[in-house]
Structure formats: C-alpha cells, structure tokens
Amino acid sequence: MSRLLAALLTIVAAAALAVGAALGIVALLDATPAQPDTPLITYEQAGQGS
C-alpha cells in the first residue's frame, strides 16, 4: 500500500510539474513582443502600359 501511495504521489507531482512548465513556456512566449512584419525585399511597381 505504501508503494502504491508513493507511486500515486509521484504521478501527481510529475503531472503538476509538466502543467506548470507548459504554462510557464506559454507565458514566456506571450511576453515576447511581436516582431515587425516588414519585408526584406521590396519591388517597385512597374507602369500599367506595355
């Protein structure tokens, strides 16, 4: 019975640690500012004729 309880507590602790790590990673990703969406190469518009 003692081993079963220890195994159950280990599983619960591991699950809580995994959820905490996942929430921490999501919080870090949300905290970083969005990068500007500017193109590296721009093409000049050609005239409509020809």
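Modeller: Helices here are DSSP runs of H or I with at least four residues, numbered from the N terminus. Keep in mind that this is a predicted model.

Colleague: Thanks, that helps! In which helix does Gly20 lie?

Modeller: The chain's secondary structure comes to one helix and zero strands. That helix, α1, covers residues 2-31. Gly20 lies in helix α1.

Colleague: And is Gly20 buried, partly exposed or exposed?

Modeller: Buried would need under 20% relative accessible area, and exposed over 50%. Gly20 has a relative accessible area of 41%, so this residue counts as partly exposed.

Colleague: What about Gly24, buried, partly exposed or exposed?

Modeller: Gly24 is also found in helix α1. The relative accessible area of Gly24 is 30%, and therefore the class is partly exposed.

Colleague: Now the distances: how far is the C-alpha atom of Gly24 from that of Met1?

Modeller: Happy to help! Gly24 and Met1 are 23 residues apart along the chain. Their C-alpha atoms are separated by 34 Å.

Colleague: And how far apart are the C-alpha atoms of Gly20 and Thr38?

Modeller: Along the chain, 18 residues separate this pair. In space, the C-alpha separation of Gly20 and Thr38 is 35 Å.

Colleague: What radius of gyration does the chain have, next to a compact globule of 50 residues?

Modeller: The C-alpha atoms fill a box of roughly 85 × 20 × 10 Å along the principal axes. For a compact globule of 50 residues, a value near 10 Å would be expected, but the chain has 26 Å.

Colleague: What percentage of the chain's residues is buried?

Modeller: The accessible surface of the chain is about 5100 Å², with 69% belonging to carbon and sulfur atoms. Of the 50 residues, the buried share is 0%.

Colleague: Last one: which residues form the nonpolar patch on the surface?

Modeller: One member is Leu9, which counts as exposed because its relative accessibility is 54%. Together the patch residues have about 400 Å² of accessible area, and they are Leu5, Leu8, Leu9 and Val12.

Technical notes. Residues numbered from 1 in each chain as written. Predicted model: local features only at pLDDT ≥ 70, side-chain atom pairs only at ≥ 80, totals over all residues. Heavy atoms only, no water. Patch = residues over 30% accessible without salt bridge, like charges linked within 9 Å, V, L, I, M, F, W, Y side chains within 5 Å. Areas by Shrake-Rupley, 256 points an atom, 1.4 Å probe, with all protein chains shown as cover. Salt bridge = Lys/Arg side-chain N within 4 Å of Asp/Glu carboxyl O. Helix = DSSP H or I, 4+ residues; strand = E, 2+ residues; numbered from the N terminus. Buried < 20%, exposed > 50% of the residue type's maximum accessible area, 1.4 Å probe, protein only. Rg over C-alpha atoms; globule rule 2.2 N^0.38 Å.
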